[in-house]
Amino acid sequence: MNIDKRLVRKDSLEKLFDILKQNSKKIYAPVTKNGKTTFRDTASFSLVSTGYIQTTESSKDISFPRTEKLLDYSKNKEGMSVKGIDLKDIPEVILWGIRPCDAIGIGELGSIFNWDYKDEIYNNRSSKVTVFGFSCNKSDEYCFCTSVGGNPGNTEGSDILFTRMGEDGDYIAEILTEKGQAVAEIASGIFERLETADKEKFLADVPVKFNHNEISEKLDKFFESKEWVDQSLRCLGCGACAYVCPTCACFDIEDEAHGKNGSRVRCWDSCGFSHFTVHTSGHNPRDVQSARWRQRIMHKFSYMPERLSVYGCTGCGRCSRACPVDMNILEHLISIQEVTV
Amino acid sequence: MMDNLYMPYLMRIERITYEAPGVKTFMLKFVNEADEDKFSYKAGQFGEYSVYGVGESTFCIASPPTRKGYIECTFRQTGKVTNALSGCEEGSIIGFRGPYGNVFPIEEWKGKSLLFIAGGIALPPMRCVIWNALDLRENFKDVTIIYGARTVKDLVYKDELKDWELRKDVKLITTVDPGGESPDWKGEIGFVPTIVEKIAPSSKDTIAIVCGPPVMIKYTFPVLAKLGFTDENIYTTLENRMKCGFGKCGRCNVGKVYVCKDGPVFTVAQLKELPDEY
Amino acid sequence: MVDLIKKAKELIETSAVKVVIGYEEGTGNKTRALFVEKTEDADRLIFDSRCVQNLAAYITKKEIKDKGKMAIAATLPVMRSIIQLASEFQVNDSNLLVLGITPESKLVEFANLVEVETFVHQYQIEIDARNKEMLDKLEKMTQPERWKFWIDELAPCFKCYACRAACPMCYCSRCTVDFNQPQWIPVASTELGNLEWHLMRAIHLTGRCIDCDACYNACPLSIPINLLTKKMLLDAKEHFGGYQPALKGDHLMSTYKPDDKENFIQ
């Protein structure tokens, strides 16, 4: 469809939120607790955070919840009854305020969940999300979307993309999809006619720091490099990077029993954990942190491009911001580009 | 099944066979006939077996696709799920989802001789191919099976070993590690690679299929190479840890190769292309 | 930190140690761990008020330990951690040399861990005013209020285990939370499971935690989990006397004495 560009006045944003709420829409918006901003089911516009460069957690929790029921079972006289989750129970939601680097991540995550086997649970959840992207007017030293094919005003993955015209200005709203159109129609008065709009001049400047194609090519012959050991010395092997990442999809499947009933759940896991790949025999194919760090980078910049034709990184920089020991992915990618094999 | 990749088939345990200390075989039948009708698999594929309330565990389908109406699995009691499976009785209901993974290219082996080499609890993934081949015996020339375990007690499928021993169209060699023999043991004594070297089976028009513990595999490959087997004609299976079985959970990959999708069956030529991460 | 750089160079040059663990400038105005194995790298060593990561967490990391004898730039909390680790037989004079950094940011050299212990014992572990106030507030809550406080605070926890990874005392090769036979604590992040995990961790740290706040600083969601360990520290002090890590000291929560006033074990 043609992109419909509209004007949304800064004071209208709250009205838009309220109208959607009156139409019983579930809105996940950035909310700040303990100084950290994450997406939560939000009742009132007054709780919505603004001014963040990037939220602490990505929005992947909405389409790939950290703990998600796959099925319920109950043992009874007749034997066993098992019921998968009812996809109809998955709610329609509006994802409010995500950055273009998260919006693009929905597709990257989707490519993992649709690699030959179509994961309809993921697909259903993500199809029920209407994405309100907000372009970036500001960036920080951790941002590198432009190095992995994105940009601060990228429309990919958003249903409506809002770009603020200056620090305290009104918004350009690009209605990008039919889903976006449908939501815009609920609050049609909010989306006003726009004469001219050049959003580019309002966008953050995010310089390109490396060439992702070169990195992928290099990684193809980089498996044995000593660089992995050097880079990962200070890594303590927690899962913070994976859990804040918009495209990390590693998961575990576990049963939770309550007497004769219970459920099977899928929950986030991380390739950085030492027990992630350990066999029951005790043998561990990735038995040192350098092997696990290598897996993280290779998966995103070599395996995914080759097997799924997408990168597993959107350049949001969250992993670097969240890392308790300052493992900065951008810095490490640049040094991979620079080091001679 | 269509919308939920994680929904297992309900399976009833029809028969439990005690194989060796800690090792059992379950014969499983589909609780719902409709499931059985749409289910098909090939030799080499695996599945996720589950005890509800405990979890899922990955192992191969040990019965051949040429036998319809049931599947079998053989497992050793080692972890949380296999312990729970071990506690199940005949008639219990467990879950199974699959089949996943690639297959042994049995059709391509038509007209050739087959050499099966297995160690310990690794006979089950091979048993599926062995019976598959024996059920289509006319398609193959010589069939040789070399099977070893630590002790006589640890040999699995004892009844079938007897069957194979009696068959004129199968050459079976069983062996146990030195010290693992019983007073009435009539088979070989020695580690599998040593016995392979001693028997020296011909590599002419022959496909070798090797499954066993890593150390057995490591020392058997060079012996086969010496006997003239090319890397393309030696097959084995990798058994990395898995959760999903279909390329999403992120555990089983060896470099860019996913054991659950690209494997578990690999030739030695393919293994040599992989980084040392298994 | 000119003294530290000089000392590090000397230690590497004379092969007295294989690696010096210290801080370097990181990204985003953060500092981070540096592992000096070559003299020229020693010039990157820094020390200032931003250097709060507890470097003692690296002493038990396999990849670092395997390098050989270590020297470590150790602030007071790091020194306390080292003494506690030594009392648990995780480190000793043959594999670790402590380069102390006093609260006044002065380098102080120690010949052995006994000297480190003597130095450390000049200072008491004090809970800062802000956290003290928070603990008092929690104390005054009714039980349901306190329950709600913790359920709410721990709800965002996605179990990345950064708290455990950053903690020098969480060196177990297999943590209780990773056990699955029996599955003491649910693997997935759930309301109750999160509470169980953090309570279990706090209890395992009682009498061992030296109150460095590494867990809280590491938490990507800034969940105040350190309040749990601080509360345990105060309770242990009240019921079992003061806590000060000691090389040959009793382990506060795991030592049995025939004259213990509780008789449940007799």
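## Contact between chains A and C

In this predicted model, chain A contributes 35 residues to a contact with 30 residues of chain C. Several elements of chain A each supply at least two residues to the side that touches chain C: the strands β3 (36-41), β11 (251-258) and β12 (261-268), together with the helices α8 (240-244) and α10 (318-322).

The side of chain A that touches chain C is mixed in character. Its residues comprise 14 nonpolar, 11 polar and 10 charged.

## Domains of chain A

Chain A is divided into two domains, and each is assembled from two stretches of the sequence. Domain 1 covers residues 4-57 + 92-202, while domain 2 covers residues 212-249 + 271-338. Taken over C-alpha atoms, the centres of domain 1 and domain 2 of chain A are separated by 28 Å.

The two domains touch each other: 22 residues of domain 1 of chain A and 19 residues of domain 2 of chain A take part in the contact. On the side of domain 1 of chain A that touches domain 2, the residues are 11 nonpolar, 7 polar and 4 charged.

## Packing of helices α6 and α11 in chain A

Two packed helices are described by the angle between their axes and the distance between the axes. In chain A, helix α6 (residues 212-219) packs with helix α11 (residues 329-338) at an angle of about 65°, and the axes of these helices are 10 Å apart. Angles of 65 to 115 degrees count as roughly perpendicular, and α6(A) and α11(A) are therefore described as roughly perpendicular to each other. The crossing of α6(A) past α11(A) is left-handed.

From α6(A), the residues A:Glu214, A:Ile215 and A:Lys218 meet A:Leu333, A:Ile336 and A:Gln337 of α11(A). By class, this contact between α6(A) and α11(A) has 3 nonpolar, 1 polar and 2 charged residues.

## An antiparallel sheet in chain B

Strands of a sheet pair through backbone hydrogen bonds, either parallel or antiparallel. In chain B, 6 strands form an open sheet with antiparallel pairing, in the order β4-β3-β6-β1-β2-β5. The edges of this sheet are the strands β4 (55-60) and β5 (71-76) of chain B, each of which pairs on one side only. With direction ignored, neighbouring strands of the sheet are turned by 40° against each other on average.

One of the pairings joins strand β1 (residues 9-20) and strand β2 (residues 23-30) of chain B, which run in the antiparallel sense over 8 bridges. Here B:Ala20 has B:Val23 in β2(B) as its bridge partner.

Key: Residues numbered from 1 in each chain as written. Chains lettered and ligands numbered in written order. Predicted model: local features only at pLDDT ≥ 70, side-chain atom pairs only at ≥ 80, totals over all residues. Axes fitted to C-alpha atoms, helices over the stretch in contact; angles between N-to-C directions. Helix = DSSP H or I, 4+ residues; strand = E, 2+ residues; numbered from the N terminus. Parallel < 35°, antiparallel > 145°, perpendicular 65-115°, else oblique. Left-handed = near helix turned anticlockwise from the far one by under 90°. Contact = placed C-beta atoms within 7 Å. Nonpolar A, V, L, I, M, F, W, Y, C, P; charged D, E, K, R; others polar. Domains from an automatic or database assignment. Pairing = 2+ DSSP bridges.
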